[in-house]
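Subject: Structure for your review

Dear colleague,

Please find below the structure that I am handing over to you. My findings follow it.

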Amino acid sequence: MECGPALPDSLVLEIFLHLPHDAVLSAGLTCRQWLAVSRDEFLWRELFYSYYRIPRTVPRHPASVSWYREFKRLYDCIPCEEVQTLTEHHDQVLHLAFSHRGHRFSSCSKDCTIKLWDTERPDGIISLVHSSSMLHFNWAYTQFSQFNADDSLLLVSGVYLGPHQSSSGEIAVISLDNYTLLSRVRNKPYDVFGCWLNESHLISGNLHWIGNITSCSVFWLNKAFQDIESENVNVVKRLFQIQNVNASTVRTVMVAHSRRHDNPDLLLDYEAQSLARAQSRARAPRSGPHQTLHFDLGGTDSEEDGSGEEEEEEEEERLRRQGPATPRLPQPTSSGLEVLQRCRGAGSAELEAEATVARMMGRAYTKTPDPSLITASAPGEGEDKTYLLFTTGSLTYSPHQIGIKRIMPDQMSTSGPVLGGERSSEEFFDSLDHVIDIHGHIIGMGLSPDHRYLYVNSRAWPAGCVISDPMCPPPIAEEIDLHVIDLKNLREEKMILRSHKAYTPNDECFFIFLDVSRDFVASGAEDKHGYIWDRHYNICLARLAHQDVVNCVAFSPADQELLLSASDDSTIKVWRSPRMVRLARTPGPRRNLLPSWFTRYKTPATSTRSTTTAAAAATPTPAVEEQEEEERDG
C-alpha cells in the first residue's frame, strides 16, 4: 500500500532511530518509503551498536556485507533453540566429538560406553547407530573421543579401573567400518586424554615418578593398528621426555597444524578491540562491578526489566552454596590426590631439598632448546609446522601453563629408533620450545578450525599471589576466564571472555570442554548452562540450559548452526539456530533441508539471551520472512 502525505525520509529515519529493531521491521511493512528507510545502513549500524553494546570503534565483521545482515546473523544464526534431547546414556555424559564431515558424532559417559550417532537421517532426527561398553576391558568410564582425519578410525580414551587413587588410563582405537577394536594403548595420567597426530598414528602419555614431587612425562607415538605385512616394523616410538617439578605433570595433549595460519577463517584483532573497550569505559560514568551482558535477541521484554537479573543472581547464589546438583564421582589425578598421597609423609624441608635437586638435574640433563623451531615464518614462506600443545606447570600441581613442542617431519611415524637411542647421556630430558603462563587453574582447551587460535578455560588465581608450597596452590576464582592465544605469534591476546562459572575447589576440578567454530566459541560450565560467544565482537550471545553441570559442547564442522551439549544430567541436547528451525517449518521445496524433527521433538526453548527465554526468536517478523524471500530470489 501507499502512505498518505509522505514524511521526509530524514524524519522517518529519526523516528526509527528511537525504535527497537523489531518495531523497525514491522514499521517497514507499512509502505514502500518506510520499507526503504527501514533497510538504511546508517539505521542498522546505530541499532547494532546500541543493542549489542559494542564500542563503535570495533569494526564490523570482515565477512559481513551490510549492517542489517550482520544484526540478523547474531540474532538469527546462533544455535540456541533446543530441538531434541538424547537420553540413551544412563550416567553423566562427559564428552562429545564430531567427525570431520559432520555426518556422525561420538559421546563418552560415566556409564562406560562409547556411542556413535548419525546426523544425516532423511527425517533430520539424530539417532543412535552403535554403542560399545568398555567395562570388559576393566575401564571405569569413557572420557574422551576423537575421529582421525579421514573419519575411518575413532580414538576412545578412558579411565582404567586400577588400584585405589590410580591415575592410569587407556586408549582404544575402533574401526568405523565394522566397529572392531584395533588396538589398546596405556595412557598415564588418564587426563592426558591422547590425540591423533595423523590418519594412522596417535599420541599417548606415560608418567614415571622420580621423587615425591618430581616426575618425568613421556609422549609416545603409536601406530593405530598392526599391518600383517609390516609386523617387523615399529608400532611405537618415543617422541619427547619432559621433566616435571613441584608436583606438576603433563596433561591434556592436542596437535595443531600451522599450514592455514596465513589464511585464517577469522583474523582477530583483540588488541584494537581491548583498546576500544578501555576507551569506552573511560568515557562512561563509574558504576558497580562489571556485569556480563546476555542478549535477548528474540524476546519482547525491555532491556531495562531487571526482574530476571534478580532471579539469575538468586540462582547463582544457590549454586554457590550447594555446588553441582548431582555429586560427581571422585576423579583422582596424578597431580592431585595421588600426589597428595605421595607427599603425606614428607616434610617441607625434604620437599624443598627435592625441588632444588630437581632444578639442578634439569639444568644438567635437559636438551638445549632450539629457538628456530618455534619462530613464525613470513606469509607464504616456510614449511608446514606441527605443534604438540599440552597443559603443564612449574609452581604447583594445578595445571597453569601451556607447553608447546614442535614435532619434526621425521617424528611423524613410528619408523626409526624406538627408545630414543639417538640421545646423548646429557640430554635425558627434552626442553619445551615455548611456555605460556595462564596464572590460574586450566580446565579446558579448544582450537579454532584453522588452528590459528587456542582458546583456554581457566579459573584465575588472586592477583599478585606467591606460591611457597607446591602442594598448596592458591584459591581459584568461581568465574571462568576464556583466554585466547594466537599460535602464529605465540602470544596471549589481551581480550578475555567471561560469563560461565565453576564452584569446585582445586583438588576436585574437572575438565570442561569447549569448542570453536568459524564465528563462535562455546563452552560448558558448572552453573548448569552452556554458553556461546561471538569470536569477532567478544560478546556472550546465548545460555543453553541443562539440569546439571554442562561438561562439553560441540559445533558441527559442517554447519555451525548445529550445536550439541552434554551434561551430568545424563542427556545430550541438540540445538539449532532460529533460522534453521524456521526453515524446517516452512512448506515447499526447502522443507527437506531440515524436515520433521522439529514437529516430532518440539520442546520449549530453554536457552536464554539476557534474562528471558529465546522462544520468540523462532517466530520471525514478516519483514524477516520477506528478507529471506529476497535472499532466496537473489
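The accessible surface of the chain in this predicted model comes to about 26900 Å², and 53% of that area belongs to carbon and sulfur atoms. Of the 634 residues in the chain, 57% are buried. The secondary structure consists of twelve helices and 31 strands. If one takes the contacts between residues at least 6 apart in sequence, 63% of them join residues at least 24 apart.

Helix pair α4 and α5

Two packed helices are described by the angle between their axes and the distance between the axes. For helix α4 (residues 41-52) and helix α5 (residues 67-76), the axes come within 8 Å and cross at roughly 35 degrees. On the α4 side, the contact involves E41, W44, R45, L47, F48, Y49, Y51 and Y52; on the α5 side, it involves W67, Y68, E70, F71, L74 and Y75. By class, the residues of this contact divide into eleven nonpolar and three charged, with no polar ones. Helix α5 is mostly covered, with nine of its ten residues buried. The buried residues of α5 include charged side chains as well as aromatic ones, among them E70, K72, R73 and D76 alongside W67, Y68, F71 and Y75.

Strands and sheets

Strands of a sheet pair through backbone hydrogen bonds, either parallel or antiparallel. One open sheet is formed by four strands in the order β6-β7-β8-β9, with antiparallel pairing. Its edge strands are β6 (139-147) and β9 (181-187), each of which pairs on one side only. From one strand to the next, the twist averages 25 degrees. Strand β6 is joined to β7 (residues 153-160) by seven bridges, and Y141 stands opposite V159 of β7.

A second antiparallel pair consists of β18 (residues 440-447) and β19 (residues 453-460), likewise joined by seven bridges. Within it, G446 stands opposite Y455 in β19. Strand β18 is mostly covered, as eight of its eight residues are buried. The hairpin of β18 and β19 has five residues between the strands, and H451 takes a positive phi near 65 degrees there.

Backbone geometry in the loops

Most residues other than glycine have a negative phi, and most peptide bonds are trans. Several loop positions are therefore worth listing against that background.

- The peptide bond from K188 to P189 is cis, with omega near -5 degrees; P189 is placed in the loop between β9 and β10 (195-196).
- N246, which is not a glycine, has a positive phi of about 55 degrees. N246 is found in the loop between β13 (236-244) and β14 (251-257), and N246 counts as buried because its relative accessible area of 15% is under 20%.
- S570, also not a glycine, has a positive phi of about 75 degrees. S570 lies in the loop between β28 (559-567) and β29 (572-576) and is buried at 18% relative accessibility.

The loop residue E88

Which residues does E88 contact, leaving aside its neighbours within four places in sequence? They are K115, W117 and L128. The C-alpha atoms of E88 and L128 are separated by 8.2 Å, although the two residues are 40 apart along the chain. E88 lies in the loop between β1 (81-86) and β2 (93-98). With a relative accessible area of 32%, E88 is partly exposed, because that value falls between the 20% and 50% cut-offs.

Yours sincerely

Key. Residues are numbered from 1 along each chain as its sequence is written. This is a predicted model: local features need pLDDT of at least 70, side-chain atom pairs count only at pLDDT 80 or more; totals for chains, interfaces and linings use all residues. Side-chain values use heavy atoms; hydrogens and water are left out. Helices (H or I, at least four residues) and strands (E, at least two) are DSSP runs, numbered from the N terminus. Buried means under 20% relative accessible area, exposed over 50%, partly exposed in between (1.4 Å probe, protein chains only). Contact means heavy atoms within 4.5 Å. Accessible areas come from the Shrake-Rupley method with a 1.4 Å probe; for residues, only the protein chains shown count as cover. Axes are lines fitted to C-alpha atoms, for helices over the stretch in contact, and angles run from 0 to 180 degrees between N-to-C directions. Two strands pair if DSSP finds at least two bridges between them.
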